[in-house]
Amino acid sequence: MSIAEIIVPQQEVAWLPWAVQYFFLVGMAATAAILVGVGEFVRGGRWQRLQAPALVVAVSTGVIAPIALLADLHQPGRFYHFYTDITPWSWMSLGALILPVFMTGLLGYWVLWQRAVFRAEGAPRWLSLWAAGNWSGQALRPWLAGVMLMGALGILVYTGSEVMIVKARALWHTEWMIVNLALTAFMASLAAIVFTQARILSAAPGDQRLTLRLFVLALIATGAGAVGWAVSGWINGSVSFQAFLRLVEQFAYWRIVFALSVAVGGGLLMAALWMLRTPRGVARSWWLAPLALLAAWSFRWAVLMDVQSVPKYGAGLYPYHLPLGSDGLLGILGVFGLWLAVLMVLPGIIANRGAVHPTQSMREVAHG
Amino acid sequence: MDVSRRQFLGKAAAVTAGVAVMPLSEAEAGLNDQPPRRGGDPNKRYGMAIDLRRCIGCQACTVSCSIENQPPVGQFRTIVHQYEVTDNASEETAAVMLPRLCNQCDNPPCVPVCPVQATWQRKDGIVVVDSDQCVGCGYCVQACPYDARFINHETQVADKCNFCVHRLEAGLLPACVESCVGGARIIGDLNDPDSHINRVLSENYDDVKVLKPELNTRPHVFYIGMTDAFIERIQGESGLWFDSEHGGVMGAVS
Ligand code: SF4
Ligand code: SF4
């Protein structure tokens, strides 16, 4: 018996490209914030010198992510309903509580970190208020770092779970969704840190080496995450992996997605390992950043947008044409434009000129 | 008889025995658990039977629903899917009609995901949306395995069939049921052992099916006379889509 669809409606996407932007930016913000937090608590100058570029990445992505989230609502003006009607059984509602906690930790930490730099090195006139007064505020910093770390973990868990619990989208319905979103987010934020160090902050080669090593680690972990999902899916017959096999078997588009992922992931790894061998290579490794960012972004596009074009009941794939306006191309470019703008302004503020490092100076305060 | 079918018939038996509603404990709902039901008559459990043998695919239900509920052009709370089925041996073809709407599931995955409690299940089983409360996040649209929900282009909030609850409460039949030419759609109270729907379901006891029973959503739209091939995702040739200015409405090839 063969069946042909004659009259069937097409289901439109309910989550717009804004959702891809949100997942991309907030994942980077959370993972970069984790690196900032590690620098707060782990001794060793290298980790502390990673803080400035990681803060640049965390703050620049963190302030834009909520805008993309808001724009993904079809009724953005009603966002306050999230707080007037808190819904403890909904992952998305939980996320609406976690996000401000994370933002408070991140921005609060940044304000104090910056204050230490400004007090030690002097602030530009237009920011002199930032350093004003006698109170150093540094005693609060570990606490804010704690809030930031908990918030960042919360962001990674909730964004992954929110997608993972949707049984109706078989591909999403796997615990590996949480793991693999987090690992690719690490990959993206480390790529952005490599870039920030090399092109914006002119960091020492030794510091760049640490970041590049972490980037390689994130790439290997991402690959392991993908293999873990596939192997465990194969053994347990998970719905997610079965759905993937069906798509790859039936649709050329998904075969291309699969082949590109393997090629880009493998290529990035080989190139990064090659560059790690020599100081010259390390200094040039920022070349990899755009491709790594594109890879992490495309993973989110495939997960969120391409999966929405897989019918839940019908045959074939629904076509999706990217609109040119704010719910499509313009929105995507606008978010990236905004990010670039923040990225250009922020390092000039965050970069301490090397004389004093806030975390070290805080320890001096604490120990002295 | 395969397992899912046997499981389902077990459920159908429960339905016909009039104990369809499994009252969820009012205990606090954990993450992604069903929250307590709100409003509606706790003594009733609405359901619909659709006798495919009586459906002629005229789309009278589609039209009357659109007139009654006024979704934007190109969006539907109910529509009759149409398929061409060919027997590979004899090469004979037949048209299959499949009216689709919200299943008013007894374990509706669309409800617990909602971050602002804008959609919930009433005690009579009907799943409703408060269009003033909905923030249009689209999460429920993702969570429904039946593509029964959509974001309404005009209101920008979640929209779906609600069994014409406003008509039911006024003692009227849903628009689709009232207009059904072949009498294929039967709505009624599953808690009432003498209701028309219960009689129809027990008369066709061996031939009652629901869509995707393995997902444990416990749909309360029951199909009579449906080929097994339509229980799960259609394995076949997809319709050709063409775009309308309203975002791509339907496929039509023949
Ligand atoms: S059919 Fe979909 S929208 Fe209707 S109750 Fe079931 S899950 Fe919810
Ligand atoms: S679209 Fe509306 S009803 Fe659906 S989950 Fe979001 S807020 Fe709730």
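**Close-up views of a predicted two-chain model**

**Figure 1. Salt bridge between B:Arg167 and B:Glu68.** B:Arg167 has a relative accessible area of 12% and is therefore classed as buried, the cut-off being under 20%. The model shown here and in the other figures is predicted. The partner of B:Arg167 in a salt bridge is B:Glu68, with 3.2 Å between the closest N and O atoms. Because B:Arg167 belongs to helix 5 (residues 165-169) of chain B and B:Glu68 to helix 2 (residues 60-69) of chain B, the pair ties together parts that are 99 residues apart in sequence. B:Glu68 is partly exposed, its relative accessible area being 28%.

**Figure 2. Salt bridge between B:Asp159 and B:Arg77.** The closest N and O atoms of this pair are 2.7 Å apart. The bridge links distant parts of the chain, 82 residues apart: B:Asp159 is in strand 7 (residues 158-159) of chain B, and B:Arg77 is in the loop between helix 2 and strand 2 (79-86) of chain B. B:Asp159 counts as buried at 8% relative accessibility. B:Arg77 is buried as well, with a relative accessible area of 15%.

**Figure 3. Salt bridge between B:Asp124 and B:Arg122, and a network in chain B.** In the salt bridge of B:Asp124 with B:Arg122, the closest N and O atoms lie 2.5 Å apart. B:Asp124 has a relative accessibility of 2% and counts as buried. B:Arg122 is buried, its relative accessible area being 12%. Elsewhere, B:Arg37, B:Arg45 and B:Asp106 are joined into one network by salt bridges that share partners. Over all chains, the structure holds 14 salt bridges.

**Figure 4. Interface of chain A and chain B.** On the side of chain A, 52 residues are in contact with 71 residues of chain B. The two chains bury about 5,600 Å² between them, and 54% of this area is on carbon and sulfur atoms. A:Ile3, A:Trp89 and A:Tyr313 together supply 18% of the area that chain A buries against chain B, which is more than any other three residues. One salt bridge is found across the interface. A salt bridge joins the side chains of B:Asp147 and A:Lys312, with an N to O distance of 3.5 Å.

**Figure 5. Surroundings of A:Arg246, a buried residue without a salt bridge.** A:Arg246 is placed in helix 9 (residues 239-250) of chain A. The nearest side chain of opposite charge is that of A:Glu249, 8.7 Å away. A salt bridge requires a side-chain nitrogen within 4 Å of a carboxyl oxygen, and A:Arg246 has none. Leaving aside residues up to four places away in sequence, A:Arg246 touches A:Phe251, A:Val310 and B:Arg233.

**Figure 6. Shell of residues around ligand 1.** Ligand 1 is surrounded by 14 residues, of which B:Cys102, B:Asn103, B:Cys105, B:Cys110 and B:Cys144 are the closest. By class, the shell consists of 10 nonpolar, two polar and two charged residues.

**Figure 7. Shell of residues around ligand 2.** The surroundings of ligand 2 comprise 13 residues, and the closest are B:Cys114, B:Cys134, B:Cys137, B:Gly138 and B:Cys140. This shell contains 10 nonpolar and three polar residues, and no charged residues.

**Figure 8. Positive phi angles at B:Glu91 and B:Lys212.** Most residues other than glycine have a negative phi. B:Glu91, although not a glycine, has a positive phi of about 60 degrees. B:Glu91 is located in the loop between strand 2 and strand 3 (93-100) of chain B and is exposed, with a relative accessible area of 63%. B:Lys212 is likewise not a glycine and has a positive phi of about 45 degrees. B:Lys212 sits in the loop between strand 9 (208-209) and strand 10 (221-224) of chain B, and at 7% relative accessibility B:Lys212 counts as buried.

**Figure 9. Secondary structure and packing of chain B.** Chain B contains seven helices and 11 strands. Of its 254 residues, 55% are buried. Among contacts in chain B with a separation of 6 or more, 60% are between residues 24 or more positions apart.

Terms used
Residues numbered from 1 in each chain as written. Chains lettered and ligands numbered in written order. Predicted model: local features only at pLDDT ≥ 70, side-chain atom pairs only at ≥ 80, totals over all residues. Heavy atoms only, no water. Helix = DSSP H or I, 4+ residues; strand = E, 2+ residues; numbered from the N terminus. Buried < 20%, exposed > 50% of the residue type's maximum accessible area, 1.4 Å probe, protein only. Lys, Arg positive; Asp, Glu negative; His and termini not counted. Contact = heavy atoms within 4.5 Å. Near = heavy atom within 4 Å. Nonpolar A, V, L, I, M, F, W, Y, C, P; charged D, E, K, R; others polar. Buried area = accessible area lost by both parts, 1.4 Å probe.
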